[in-house]
Amino acid sequence: MGTLLRRVWPFVAVGAISILAAGFFISRQIQRQYLRQSHDRLEREAAVLSQVAVMFFRLNDSRLWHSQAQEWHTLLDVRVTVIDTLGMVVTDTDWPEDSVAALSGNFPATSITEEVGEDHWAIGYSSVWNAELLYATEIVRDGGHTLGAIRLALPLSALENQQADVRNLFLTILLITGV
């Protein structure tokens with residue numbers, strides 16, 4: 001029995017390593033695909049909302065902004081933050097309307113346009129959600145005049161759940177096959 005085990009063990013080890021490598025590869029592919037789809041979705045939504053937002057910036061009514069952002073939040077299932085050109089938060093769907101002023105130091109005026117630049121998205125940590133988020137930001141312009149920015153955020157917890165499912169699947173396969 002010992003001789004057979006010594007002969008078979010290398011093949012079993014190679015099989016286990018192959019299954020784990022495949023699981024890691026598939027998990028990374030799922031992550032890339034999820035990020036790509038989420039990125040594309042947020043960029044499209046931010047671009048559309050920035051066009052609609054021109055009217056709201058012209059009206060300059062914070063109550064109207066807050067109710068409109070809440071509608072967008074419900075419709076799109078994302079966090080919506082509206083920032084003016086001075087870096088002041090006009091509204092944020094994760095904060096009550098009367099508490100939005102507390103966020104206003106988070107967006108220096110110069111960073112709004114610099115932060116967006118050519119890349120309209122980023123991944124970052126949110127202390128409000130206590131989670132990693134995918135952010136998409138779109139500058140709101142009226143002609144050549146910058147009015148502010150709209151930032152959408154989507155939690156990456158769904159991605160982490162998918163990766164955990166794939167990892168658990170491959171661990172289950174390893175356990176069932178006895179590798």
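Let's start at the hairpin of S1 and S2, where four residues sit between the strands and Gly-87 takes a positive phi near 85°. Bear in mind throughout that this is a predicted model. The two strands of the hairpin, S1 at residues 79-84 and S2 at residues 89-92, run antiparallel and are joined by three bridges. If you want a register mark, take Val-82, which stands opposite Thr-91 in S2.

Now, S1 has another partner. Strand S5, residues 145-155, is joined to S1 by six bridges, and this pair is antiparallel as well. Here the register mark is Asp-84, which stands opposite Gly-148 in S5. So much for the pairing of S1; let's look at its surroundings.

How many of the six residues of S1 are buried? Six of the six, so the strand is largely enclosed by the rest of the structure. As a reminder, side chains in a regular strand alternate between the two faces of the sheet. In S1, one side carries Arg-79, Thr-81 and Ile-83, the other carries Val-80, Val-82 and Asp-84, and all of these are buried, which leaves both faces covered.

Let me step back one loop. Between helix H2, residues 62-76, and S1 there is a loop that holds Asp-77. Most residues other than glycine have a negative phi. Asp-77 is not a glycine, yet its phi is positive, about 60°. Is Asp-77 buried or exposed? Its relative accessibility is 58%, and because the cut-off for exposed is over 50%, Asp-77 counts as exposed.

Move on to Arg-79, in strand S1, and the picture changes. Arg-79 has a relative accessible area of 4%, so this arginine is buried. What does the side chain of Arg-79 make a polar contact with? The side chain of Asp-92, at 2.9 Å. The pair also qualifies as a salt bridge, with 2.9 Å between the closest N and O atoms. It links distant parts of the chain, since Arg-79 is in strand S1 and Asp-92 is in strand S2, 13 residues apart. Both partners are buried. Leaving aside residues up to four places away in sequence, Arg-79 has a list of contacts that includes His-73, Trp-95, Trp-129, Leu-133, Arg-151 and Leu-152.

For those of you setting up electrostatics, the search of the whole structure finds two salt bridges. The other one pairs Glu-45 with Arg-41, with the closest N and O atoms 3.0 Å apart. Both of these residues lie in helix H1, four residues apart, or about one turn of the helix. Glu-45 has 16% relative accessibility, so it counts as buried. Arg-41, at 25%, counts as partly exposed.

Next, the nonpolar side of things. In soluble globular proteins, nonpolar side chains tend to be buried together. The largest nonpolar core here has 24 residues, and Ile-150 and Leu-152 touch the most other members. The elements that each give two or more residues to this core are helix H1 (2-59), H2, S1, strand S4 (131-142) and S5. Which of them gives the most? That would be H1, with nine residues.

Ile-150 is a good residue to click on. Not counting residues up to four places away in sequence, Ile-150 touches Leu-49, Ser-50, Ala-53, Trp-72, Thr-81, Val-82, Ala-136, Thr-137, Glu-138 and Val-140. Notice that Thr-81 and Val-82 in that list are on opposite sides of S1.

Finally, let's zoom out to the whole chain. There are four helices and five strands, and from the N terminus on the elements run α-α-β-β-α-β-β-β-α. Of the 179 residues, 37% count as buried. Among contacts with a separation of 6 or more, 55% come from residues 24 or more positions apart. The exposed area of the chain is about 10700 Å², of which carbon and sulfur atoms supply 59%.

If you open the model after the meeting, try going back to S1. You will find the six bridges to S5, the three bridges to S2, and the buried pair of Arg-79 and Asp-92. Thanks, everyone, and I'm happy to take your comments.

Notes:
Residues numbered from 1 in each chain as written. Predicted model: local features only at pLDDT ≥ 70, side-chain atom pairs only at ≥ 80, totals over all residues. Heavy atoms only, no water. Pairing = 2+ DSSP bridges. Buried < 20%, exposed > 50% of the residue type's maximum accessible area, 1.4 Å probe, protein only. Polar contact = N/O pair within 3.5 Å; in protein donor to acceptor, adjacent residues only side chain to side chain. Contact = heavy atoms within 4.5 Å. Areas by Shrake-Rupley, 256 points an atom, 1.4 Å probe, with all protein chains shown as cover. Core = buried A, V, L, I, M, F, W, Y, C linked by side-chain atoms within 4.5 Å. Salt bridge = Lys/Arg side-chain N within 4 Å of Asp/Glu carboxyl O.
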